[in-house]
Amino acid sequence: TTTALKGKSLVALYFSASWCPPCRSFSPLLIKFYEKCCAGPDGVQIVYVSSDRDLSSFNEYFGKMPWVAIPADGAGAQLKQRLAELCQIRGI
């Protein structure tokens, strides 16, 4: 994770899920914006924080994203919960 974020001017957390209709509408727009304006060694790094209900859904949805993600299983679930608390995320 440290390597993926090293040198980035900004790190943005993207709380989303494949089952969320507004998220599914917004994700393609965010991907286009990221590819046009953010990709690069010193640019913005987006980190996908998934609320997908299973690993298969996570893999399919995240597979379309050009950025990094917190792992959807194991310790990643604990990190996601902690980030949601810190950012006061109550739903997506």
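This section describes the confidence, aromatic contacts, charged contacts and surface features of a predicted model.

The mean pLDDT of the chain is 88, and 97% of its residues reach 70 or more. Confidence varies along the chain: the lowest mean, 74, belongs to helix 1 (residues 2-5), whereas the highest, 94, belongs to helix 3 (residues 55-62).

Aromatic contacts were searched for across the whole structure, and eight aromatic pairs were found. One of them, formed by Tyr 48 and Phe 58, is stacked, with 5.7 Å from centre to centre and 10° between the planes. Because Tyr 48 lies in strand 2 (residues 44-50) and Phe 58 in helix 3, this pair ties together parts that are 10 residues apart in sequence. Tyr 48 is buried, its relative accessible area being 0%, and Phe 58 is likewise buried, at 6%. The ring of Tyr 48 also pairs with that of Tyr 61; here the centres are 5.8 Å apart and the planes stand at 70°, so the arrangement is edge-to-face. This second pair links distant parts of the chain, as Tyr 48 belongs to strand 2 and Tyr 61 to helix 3, 13 residues apart. Tyr 61 is buried too, with a relative accessible area of 5%. Tyr 48, Phe 58 and Tyr 61 are among the members of one aromatic cluster, which also includes Tyr 14, Phe 26, Tyr 34, Phe 62 and Trp 67.

A further aromatic residue, Trp 19, is located in the loop between strand 1 (10-16) and helix 2 (21-38). Its relative accessibility is 36%, so Trp 19 is classed as partly exposed. The charged end of Arg 53 sits over the ring of Trp 19, at 4.4 Å from the ring centre. Trp 19 also contributes to a nonpolar patch on the surface, together with Ile 89 and Ile 92. The accessible area of these three residues together is about 240 Å². Trp 19 thus takes part both in a contact with a charged group and in a nonpolar surface patch.

With regard to salt bridges, a search of the whole structure finds one. The side chains involved are those of Glu 85 and Arg 82, with an N to O distance of 3.7 Å. The cut-off for such a contact is 4 Å between the side-chain nitrogen and the carboxyl oxygen, so the value of 3.7 Å satisfies it. Glu 85 is part of helix 4 (residues 75-86). Arg 82 lies in helix 4 as well, three residues from Glu 85, about one turn of the helix. Both partners are partly exposed: the relative accessible area is 46% for Glu 85 and 45% for Arg 82. In relation to the aromatic cluster, the C-alpha atom of Glu 85 is separated by 22 Å from that of Phe 62, a cluster member. Glu 85 and Phe 62 are 23 residues apart along the chain.

Lys 6 is placed in the loop between helix 1 and strand 1. At a relative accessibility of 67%, Lys 6 counts as exposed. In sequence, Lys 6 and Pro 41 are 35 residues apart, while in space their C-alpha atoms are 8.8 Å apart.

Notes: Residues are numbered from 1 along each chain as its sequence is written. This is a predicted model: local features need pLDDT of at least 70, side-chain atom pairs count only at pLDDT 80 or more; totals for chains, interfaces and linings use all residues. Side-chain values use heavy atoms; hydrogens and water are left out. Patches are made of residues with over 30% relative accessible area and no salt bridge: like charges are joined within 9 Å, nonpolar side chains (Val, Leu, Ile, Met, Phe, Trp, Tyr) within 5 Å. Accessible areas come from the Shrake-Rupley method with a 1.4 Å probe; for residues, only the protein chains shown count as cover. Helices (H or I, at least four residues) and strands (E, at least two) are DSSP runs, numbered from the N terminus. Buried means under 20% relative accessible area, exposed over 50%, partly exposed in between (1.4 Å probe, protein chains only). pLDDT is the predictor's confidence in each residue, from 0 to 100. Rings of Phe, Tyr and Trp (its six-membered ring) pair if their centres lie within 6.5 Å; planes under 30 degrees apart count as stacked, over 60 as edge-to-face and the rest as tilted. A charge sits over a ring if NZ of Lys or CZ of Arg is within 6 Å of the ring centre and within 35 degrees of the ring normal.
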